[in-house]
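Colleague: I'm new to this one, so could you walk me through it?

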Amino acid sequence: MINDQLYIEKILKGNTNAYATLVDKYKVMVYTLAFKMMQNKEEAEEVSQDTFIKVYKNLSKFKGESKFSTWIYKIAYRTCLDALKKRKNKYNTDTIDEVTINKIKTTEGILESIEKKERAVVIKQCMQDLPEDERTILWMFYFDELSLKEIIDVTDFSEANVKVKLHRARKRLLTIVQRKVEPELINHYGRK
């Protein structure tokens with residue numbers, strides 16, 4: 001299998017087939033990020049196309065200081081942020097102060113009682129209520145399994161900022177899960 005750098009060199013020499021190969025390789029990753037951030041199929045498709053146009057126009061600027069996939073992810077992330085700024089979405093912002101150790105323990109107990117598959121669905125649904133930056137960082141870390149360094153490269157946040165955002169996002173997510181899931185479980189199973 002030819003590595004990305006060889007494709008990049010071919011593209012820079014005018015080989016459009018090599019570019020099509022790179023697009024095919026990364027289109028699912030880019031679309032998945034775009035859909036997660038935009039929450040709309042058409043907007044995700046548009047952002048994906050814009051991302052690959054930017055990748056093509058800036059390919060000569062890729063210096064190999066990070067993985068090529070991280071570089072593309074960063075362009076996709078920033079393209080999504082630009083599109084979101086244009087749309088000017090308003091986000092639900094639960095206060096972190098609402099989270100206490102007892103609430104966290106209660107919520108973790110609730111999640112343990114939900115089947116693993118259902119738990120993933122519940123968590124993804126609850127993540128939709130997080131502010132975009134927190135939802136995205138959680139998604140990158142847990143679902144895309146990016147390392148802290150890769151998240152820092154993609155977002156240009158400092159290491160401390162990424163760690164703080166991850167911490168806050170986890171706390172906020174637990175509050176949201178508790179608020180949404182606990183009443184359902186009480187209604188379904190009844191209090192004992």
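Modeller: Gladly, and please keep in mind that this is a predicted model. As a starting point, the structure holds zero disulfides.

Colleague: Okay, and Cys80 and Cys126, are they buried or exposed?

Modeller: Cys80 counts as buried because its relative accessibility is 0%, which is under the 20% cut-off. Cys126 counts as buried too, because its relative accessibility is 2%.

Colleague: Switching to rings, how many aromatic pairs are there?

Modeller: The structure holds eight aromatic pairs. One of them is formed by Tyr26 and Phe68, whose rings are 5.7 Å apart centre to centre, with 65° between the planes, and this pair is edge-to-face.

Colleague: Where do those two sit in the chain?

Modeller: Tyr26 belongs to helix α2, which covers residues 16-38, while Phe68 belongs to helix α4, covering residues 68-87, and the pair links distant parts of the chain, with the two positions 42 residues apart. Tyr26 and Phe68 are both buried.

Colleague: And why does the pair of Phe62 and Phe68 count as edge-to-face?

Modeller: The ring centres of Phe62 and Phe68 are 5.1 Å apart and the planes stand at 80°, so this pair is edge-to-face, given that the cut-off for that label is an angle over 60 degrees. Phe62 is buried, with a relative accessible area of 11%, and Phe68 counts as buried at 5% relative accessibility.

Colleague: Which residues make up the cluster around there?

Modeller: Tyr26, Phe62, Phe68 and Trp71 form one aromatic cluster.

Colleague: What lies over the face of Phe157?

Modeller: That is Lys165, which lies over the face of the Phe157 ring at 5.0 Å from the ring centre.

Colleague: Let's go to the beginning of the chain. Which residues of helix α1 are buried?

Modeller: In helix α1, which spans residues 4-12, the buried residues are Asp4, Tyr7, Ile8 and Ile11. They cover an arc of only 100° around the axis, so they lie on the same side of α1.

Colleague: Why would residues with that sort of spacing point the same way?

Modeller: An α-helix has 3.6 residues a turn, so residues three or four places apart point the same way.

Colleague: What do the buried residues of α1 pack against?

Modeller: They pack against α2, α3 and α4. At the start of α1, a side-chain oxygen of Asn3 comes to within 3.1 Å of the backbone nitrogen of Gln5, and just after the helix Gly14 takes a positive phi of about 105°.

Colleague: Which residues other than glycine have a positive phi?

Modeller: Gln39 is one of them, with a phi near 60°, and Glu145 is another, with a phi of about 55°. Gln39 lies in the loop between α2 and α3, the latter covering 41-58, whereas Glu145 lies in the loop between α7 (132-143) and α8 (148-155).

Colleague: Are those two buried or exposed?

Modeller: Gln39 counts as partly exposed, because its relative accessibility of 38% falls between the cut-offs of 20% and 50%. Glu145 is exposed, with a relative accessible area of 64%.

Colleague: One more, then. Where is Thr155, and what does Thr155 touch?

Modeller: Thr155 is found in helix α8 and is buried, with a relative accessible area of 7%. Leaving aside residues up to four places away in sequence, Thr155 touches Tyr77, Arg78, Met140 and Val162.

Note on methods
Residues numbered from 1 in each chain as written. Predicted model: local features only at pLDDT ≥ 70, side-chain atom pairs only at ≥ 80, totals over all residues. Heavy atoms only, no water. Phe/Tyr/Trp six-rings, centres within 6.5 Å; stacked < 30°, edge-to-face > 60°. Helix = DSSP H or I, 4+ residues; strand = E, 2+ residues; numbered from the N terminus. Buried < 20%, exposed > 50% of the residue type's maximum accessible area, 1.4 Å probe, protein only. Lys NZ or Arg CZ within 6 Å of the ring centre and 35° of its normal. Disulfide = S-S within 2.5 Å. Contact = heavy atoms within 4.5 Å. Arc of directions from axis to C-beta. Polar contact = N/O pair within 3.5 Å; in protein donor to acceptor, adjacent residues only side chain to side chain.
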